[in-house]
Amino acid sequence: MHKRHQVLLAVSAAIGLSLAPINASATPSTGVHGEILGQVTFDGKDYILRQITIDPGGSTGWHFHDGTLYALIAQGTLSHYRSDCSVDGIYSAGNTLIEPSGSDHVHIGNNSQTTPLVLEVIYVNPAGSPLSEDAAPPNCQLPG
């Protein structure tokens, strides 16, 4: 229970850090804008709070994460696809999403709506790892 308390404290600290926002690099994408709102490293892990906006028609590009990503859809609708191009979720404002770690979890997120998509994201990554890793496009066609 003590370890859990420490993790919750670290996440709370990451959320509380909003001094001097930093623009963050993104994976190959179209119309994606990200801003790190806070970051803390604890027990070998980076806890990073980031706001991501995806313009209408925008896409994250194919990628995966070295750690786990927890997202809240704050505005708009996210279409989320697996590496076989099957949809694994359509997420609207108020929905949450967890993206597991590893190169066996390649995915892409799209905004096919006419309004911006806004995500509030917490990354729990191995310390010093990038927010995401680029992945080659799979040999399949996205629906639509």
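This is a short tour of a predicted model, with suggestions for what to select at each stop.

**Stop 1: colour by confidence**

Start by colouring the chain by pLDDT. The average is 86, and 80% of the residues score at least 70. Now select residues 4-11, where the pLDDT is below 50; beyond near neighbours in sequence, this stretch makes eight contacts in the model. Next take residues 13-27, also below 50 in pLDDT, with 31 contacts beyond near neighbours in sequence. Where pLDDT is low, the predicted coordinates should not be read in detail. You may like to hide both stretches before moving on.

**Stop 2: the largest nonpolar core**

Show side chains for I52, L78, L119, V121 and Y123. Within the largest nonpolar core, which has 16 residues, these five touch the most other members. Which strands supply at least two residues each to this core? They are β2 (30-42), β3 (45-59), β5 (68-75) and β10 (117-126). The largest share, four residues, comes from β10.

Centre the view on V121. Setting aside neighbours within four places in sequence, V121 is in contact with I48, L49, R50, I52, L69, Y70 and A71.

Then look away from this cluster: another core, of seven residues, lies apart from it, and W62, F64, Y81 and V106 are among its members.

**Stop 3: from β5 across to β8**

Draw the backbone of β5 and β8. These strands run antiparallel and are joined by four bridges. To find the register, pick L72, whose bridge partner in β8 is T96. Now add the side chains of β8, residues 96-99: L97 and E99 form the covered face, while T96 and I98 form the uncovered one.

**Stop 4: from β6 across to β9**

Another antiparallel pair is β6 with β9, again joined by four bridges. Select H80 and G109 here, since G109 is the bridge partner of H80 in β9. Turn on the residues of β9: H107 and G109 point one way, I108 and N110 the other, and all of them are buried.

**Stop 5: a buried asparagine**

Step along to N111, in the loop between β9 (107-110) and β10. Is N111 buried or exposed? Its relative accessibility is 1%, so N111 counts as buried. Measure from the side chain of N111 to the backbone oxygen of T115 and you should find 2.9 Å. For the surroundings, select I54, D55, P56, G57, G58, T77, P116 and L117; N111 touches each of these, not counting residues up to four places away in sequence.

**Stop 6: the disulfide**

Finish at the one disulfide of the structure. A disulfide is a covalent bond between the sulfur atoms of two cysteines. Here C85 is joined to C140, with an S to S distance of 2.0 Å. The link between C85 and C140 is right-handed, with 75° about the S-S bond.

What does this pair tie together? C85 lies in the loop between β6 (77-82) and β7 (87-92), and C140 in the segment after β11 (133-134), so the bond connects parts that are 55 residues apart in sequence. Switch on a surface to look at each end. C85 counts as buried, at 6% relative accessibility. C140 is partly exposed, with a relative accessible area of 31%.

Conventions: Residues are numbered from 1 along each chain as its sequence is written. Side-chain values use heavy atoms; hydrogens and water are left out. A nonpolar core is a set of buried Ala, Val, Leu, Ile, Met, Phe, Trp, Tyr and Cys residues joined through side-chain atoms within 4.5 Å. Buried means under 20% relative accessible area, exposed over 50%, partly exposed in between (1.4 Å probe, protein chains only). Contact means heavy atoms within 4.5 Å. A disulfide is a pair of cysteine sulfur atoms within 2.5 Å. Two strands pair if DSSP finds at least two bridges between them. pLDDT is the predictor's confidence in each residue, from 0 to 100. A polar contact is a pair of N or O atoms within 3.5 Å; within protein, one must be able to donate a hydrogen and the other to accept it, and residues adjacent in sequence count only if both atoms are side-chain atoms.
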